[in-house]
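Work through the exercises below with the structure open. Try each task before reading its solution.

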Amino acid sequence: MKIAFLSHLDLNLYLFRLPIMKELVKKGHRVYAIAPKGEFLEKFLECGITPVNYEIERQSLNPFKELKTLKLIRSIVHDISPDILHTFMHKPNIYGNLTGAKNIVNTITGLGSFFIHDDIKSVGVRVLIEALYKCTSSRTKRIVFQNRDDLDHFVNKGIIPEEKAVLIKGSGIDTKAFEPMPKNKKLIKELGLGDKPVVLMVARVIRDKGVEEYIKAAELLKDRAYFLYAGEIDRGNKNAFIPGWKNINYLGFRSDIKELLSICDIFVLPSYREGIPRTLLEAASMEKPIVTTDTVGCKEVVDNGVNGFLVPVKDSKALAEKIEFLIDNPEIRKEFGKRGREKVLKEFDVKIVVEQYLRLYNEILD
């Protein structure tokens, strides 16, 4: 069997889809990774996966450029002739639906910033995205959603038929790789941290992740804890910005997330909307208490008062209050952390997610 995975980011496929791709290779299937060439595309070769490059402008709405990209993707898919074409993110989903592949699976990992804001451009693009899904969904076998809210939105608005909608929570997390571990003393020394609790946020630097709220919370609690932020500035995103990192140690892009999680006492993500945030899964898997927002995607990972706290979106004061409560209560931090790992093991372990996708593929082919 030949299965092709299509995305507009090689990083997206490599970081989030590799476990299912490797499992398919292990079972003897031919697997293709179709994505624009970045630093990860050639790494698929090491896993027995065939990388295929195409060019795309993520933020482009130019119809001539998009038509050119669509033609290229159609040509690639035609040459591979996969038994299943599995696509991820809005543009690849829509373009994949127009390739003529016989068995297409879309995965909507999150609805994105256009479904958060109500400015003219966001509303216009949102209407366009919904219309394109409605027009092309007849060509898909299944459409996978990572949380119930996004699935209900598409079904209740009549964008897709209910019988095609499938809920698979997130991309899974390797709970063995993200086990609890002792604090990395070398990293603590490198960052110049003392005895105060460490608060960590890991996310792209865009407003929709709640960066400004995190900065305001740090201002309120600057004498109570160390505040760290890891993540690159997503210059290709319309909500990208470069804040002043007052009271926060901004670390930029980091590849040592596991080590950073080891030294943190409280993990924070005040995002406005998500699919299922991988960073929350990683933090919970390593037994870290979480403070996040009571919004789509985030509330799937955190049970309020059980393994963390949920606060209102864009409420920096409430965010600071819950962080301060955890600063003052180390025993509750410990208990929240244990419950968080239990939840991840039960609901989000990568083995569970991989098995769900394998069952889906077999169902389609049968």
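**Exercise 1. Counting charge pairs**

How many salt bridges does the count come to?

Solution. This is a predicted model. Side chains of opposite charge can pair when their charged atoms come close. The cut-off for a salt bridge here is a side-chain nitrogen of Lys or Arg within 4 Å of a carboxyl oxygen of Asp or Glu. By this rule the count is 23 salt bridges. Some of them join up: Lys169, Glu300, Asp303, Lys343 and Glu347 form a network of salt bridges.

**Exercise 2. Three pairs**

Take glutamate 23, glutamate 363 and arginine 273. Find the salt-bridge partner of each, and place the pairs along the chain where you can.

Solution.

- Step 1. Start with glutamate 23. Its partner is lysine 27, with the closest N and O atoms 3.9 Å apart. Glutamate 23 has a relative accessible area of 24%, so it is partly exposed.
- Step 2. Go on to glutamate 363. It pairs with arginine 142, and the closest N and O atoms are 2.6 Å apart. Glutamate 363 sits in helix 14 (residues 350-365) and arginine 142 in strand 6 (residues 142-145), so this bridge ties together parts 221 residues apart in sequence. Glutamate 363 is partly exposed, at 46% relative accessible area.
- Step 3. Finish with arginine 273. Its partner is aspartate 150, again with a stated N to O distance: 2.6 Å for the closest atoms. Arginine 273 lies in the loop between strand 11 (266-269) and helix 10 (278-285), while aspartate 150 is in helix 6 (residues 148-156); the two are 123 residues apart. Arginine 273 is partly exposed at 21% relative accessibility. Aspartate 150 is buried at 1%.

**Exercise 3. A charge without a bridge**

Which side chain of opposite charge is nearest to glutamate 213, and how far away is it?

Solution.

- Step 1. Locate the residue. Glutamate 213 belongs to helix 8 (residues 211-220).
- Step 2. Check the distance. The nearest side chain of opposite charge is lysine 216, 5.6 Å away. The salt-bridge limit is 4 Å, so the pair does not qualify. Glutamate 213 is buried and has no salt bridge.
- Step 3. Look for another partner. The side chain of glutamate 213 makes a polar contact of 3.1 Å with the side chain of tyrosine 272.
- Step 4. List its surroundings. Leaving out residues up to four places away in sequence, glutamate 213 touches Tyr272, Lys314, Asp315, Ser316 and Leu319.

**Exercise 4. Cysteines**

How many disulfides does a search of the whole structure find?

Solution. A disulfide is a covalent bond between the sulfur atoms of two cysteines. The search finds zero. Take cysteine 298 as a case: the closest cysteine sulfur, in cysteine 264, is 16 Å from its own, too far for a bond. Cysteine 298 is also buried, with a relative accessible area of 0%.

**Exercise 5. The whole chain**

Describe the overall build of the protein chain in numbers.

Solution.

- Step 1. Count the elements. The chain has 14 helices and 13 strands.
- Step 2. Test the packing. A compact globule of 366 residues would have a radius of gyration near 21 Å; the chain has 21 Å, so the two agree.
- Step 3. Add the extent. The C-alpha trace spans about 60 × 45 × 35 Å along its principal axes.
- Step 4. Look inside. Buried residues make up 56% of the 366.

How values were computed. Residues are numbered from 1 along each chain as its sequence is written. This is a predicted model: local features need pLDDT of at least 70, side-chain atom pairs count only at pLDDT 80 or more; totals for chains, interfaces and linings use all residues. Side-chain values use heavy atoms; hydrogens and water are left out. Helices (H or I, at least four residues) and strands (E, at least two) are DSSP runs, numbered from the N terminus. Buried means under 20% relative accessible area, exposed over 50%, partly exposed in between (1.4 Å probe, protein chains only). Lys and Arg count as positive and Asp and Glu as negative; His and the chain ends are not counted. A polar contact is a pair of N or O atoms within 3.5 Å; within protein, one must be able to donate a hydrogen and the other to accept it, and residues adjacent in sequence count only if both atoms are side-chain atoms. Contact means heavy atoms within 4.5 Å. A disulfide is a pair of cysteine sulfur atoms within 2.5 Å. The radius of gyration is taken over C-alpha atoms; the globule rule is 2.2 Å times the number of residues to the power 0.38.
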